[in-house]
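Trainee: I have the structure open beside its sequence. Could we go through the labels one by one, and could you show me the reasoning behind each?

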Amino acid sequence: IQLTLSLHATNQTTRNKVIPHMSGNKIEEVVEAVLSYSERHNRKITINKTYELNIPVLKNISFFVDSGDFLVLLGPSGSGKSTILSIIAGFEPQNSGDVFIDGNNCNKKPCQDRDVAMVFQNYALYPCMNVYNNIAFPLINRHEKKEIVNQKVRTIAKTLHIEDILKKKVDKISGGQKQRVAIGRALVREPTLLLLDEPLSNLDAVLRTQMRKELFNLHSQFRITMVYVTHDQSEALSLATKIIVLDGGEIQQIGTPQEIYDFPQNEFVATFIGSPQMNFFKEYNVFTVNERVYSVCLFNQTYIFELVESLNLYGCTESALKVNFDKYSKTSAFVLGTSTTLLSQ
């Protein structure tokens, strides 16, 4: 239902804003072309999911993934990130809603027919095969010619810097190499959508930073559409073109890394993003004495009073007024949204 409304909104926007000077058949042609491109190059997800005892796990999850996006699902454990990935991949069904990939409704498609590849947290490599056969397996399973399989496997291995371990068994290689093999197996089949479920969480800190850089370079090189699950905000902020922040099975905010860092929409996002965490000033009020404006707020269980020179704080629902609290907290504080909440960033 939400997808139908979105499509209708796109149609109206195109008519009224993009081409207001055109008329007749030309408008229809442009509208159809725009909608056709949108359907073919966007991934649309609108889902709900409930487990036993009718406890909702995902609540009205709805988002778009544009072609070439590096979308990161970010949230604490239990927020529904991996469940969304499993539904997109077709491993488990949603209770309601739709998953569209390249304009095709995938609700009734089994996972093998969705043209989606997945990299798992525990690698999920085949222990009885060597590295070469692990990477080649999707191509062999599709009965590709031997020459094509060899060419694609060696190209991917060179890109991932694992040409020298192609003959080794997977239990004889390191964790970082296993992760590269898993990524190579997913990339070699050239999927429409690549899903990654916390692929770096089993690696040590140094290797995790290195693999993060390699993932960024891979995305830049192949321009493949990726959906990446993590609870690590540094991974999300450094890799993503777009972030979806989740908590309790609900979307808290969608935006670019810069938008989410600079303009959190609620207290959860403000505390979850950023290190160290954002400070919250509670019970913020202003008052006047002899026509001079003073502020009072509660910070770290201490009431702070400050003279605010030449600032009219009343009615500041739109703009952000800067108040100098350096004397007390060594930070700059800002009035955000209304005069009742003061956030320090």
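Mentor: Gladly. Of the 345 residues of the protein, 44% count as buried. Please keep in mind that this is a predicted model. The protein has 11 helices and 16 strands.

Trainee: What share of the contacts between residues at least 6 apart in sequence joins residues at least 24 apart?

Mentor: That share is 58%. Let us take the sheet next.

Trainee: Which strands make up the open sheet, and in what order?

Mentor: There are 6 strands, in the order β6-β7-β8-β3-β9-β10, and their pairing is mixed. From one strand to the next the twist averages 20°.

Trainee: What makes β6 and β10 edge strands?

Mentor: β6 (116-119) and β10 (250-255) each pair on one side only, and that gives them the edge positions.

Trainee: How do you know that β3 and β8 are paired?

Mentor: Pairing requires at least two bridges between the strands. Strand β3 (residues 70-74) and strand β8 (residues 225-230) are joined by 5 bridges and run parallel, so they meet the criterion. You can follow the register on screen: Phe70 is opposite Met226, and Leu74 is opposite Thr230.

Trainee: What holds for β7 and β8?

Mentor: β7 is likewise joined to β8 by 5 bridges, again in parallel. Leu193 has Thr225 in β8 as its bridge partner.

Trainee: Why is β8 called largely enclosed?

Mentor: Buried means under 20% relative accessible area. In β8, 6 of the 6 residues are buried, so the rest of the structure largely encloses this strand.

Trainee: Which residues of β8 cover which face?

Mentor: In a regular strand the side chains alternate between the two faces of the sheet. In β8, Thr225, Val227 and Val229 are on one side, Met226, Tyr228 and Thr230 are on the other, and all are buried.

Trainee: Now the helices. Why are α4 and α5 called oblique?

Mentor: Helix α4 (residues 131-141) and helix α5 (residues 146-159) have axes that cross at roughly 130° and come within 10 Å. An angle over 145 degrees would count as roughly antiparallel, and 65 to 115 as roughly perpendicular. The crossing angle of roughly 130° fits neither range, and α4 and α5 are therefore oblique to each other. Their crossing is right-handed.

Trainee: Which residues meet where α4 and α5 touch?

Mentor: From α4 come Tyr132, Ile135, Ala136, Leu139 and Ile140, and they meet Val149, Asn150, Lys152, Val153 and Arg154 of α5. By class, this contact has 7 nonpolar, 1 polar and 2 charged residues.

Trainee: What makes α3 a mostly covered helix?

Mentor: Helix α3 (residues 81-89) has 8 of its 9 residues buried. Those are Lys81, Thr83, Ile84, Leu85, Ser86, Ile87, Ile88 and Ala89. Just after α3, Gly90 has a positive phi of about 95°.

Trainee: Which residues other than glycine deserve a look for a positive phi?

Mentor: Asn60 is one of them, with a phi of about 50°, and His161 has a phi near 60°. Asn60 lies in strand β2 (residues 56-66), whereas His161 is in the loop between α5 and α6.

Trainee: Why do Asn60 and His161 count as exposed?

Mentor: Exposed means over 50% relative accessible area. Asn60 has 56% relative accessibility, so Asn60 counts as exposed. His161 has a relative accessible area of 55%, so His161 is exposed.

Trainee: Why is Tyr51 called partly exposed?

Mentor: The partly exposed class lies between the 20% and 50% limits. At 39% relative accessibility, Tyr51 falls in that class. Tyr51 is in the loop between β1 (42-50) and β2.

Trainee: Which residues does Tyr51 touch, leaving aside neighbours within four places in sequence?

Mentor: Tyr51 is in contact with Val57, Thr83 and Glu92. Thr83 you have already met among the buried residues of α3. The C-alpha atoms of Tyr51 and Gln94 are separated by 9.9 Å, and these two residues are 43 apart along the chain.

Conventions
Residues numbered from 1 in each chain as written. Predicted model: local features only at pLDDT ≥ 70, side-chain atom pairs only at ≥ 80, totals over all residues. Heavy atoms only, no water. Helix = DSSP H or I, 4+ residues; strand = E, 2+ residues; numbered from the N terminus. Axes fitted to C-alpha atoms, helices over the stretch in contact; angles between N-to-C directions. Parallel < 35°, antiparallel > 145°, perpendicular 65-115°, else oblique. Left-handed = near helix turned anticlockwise from the far one by under 90°. Contact = heavy atoms within 4.5 Å. Nonpolar A, V, L, I, M, F, W, Y, C, P; charged D, E, K, R; others polar. Buried < 20%, exposed > 50% of the residue type's maximum accessible area, 1.4 Å probe, protein only.
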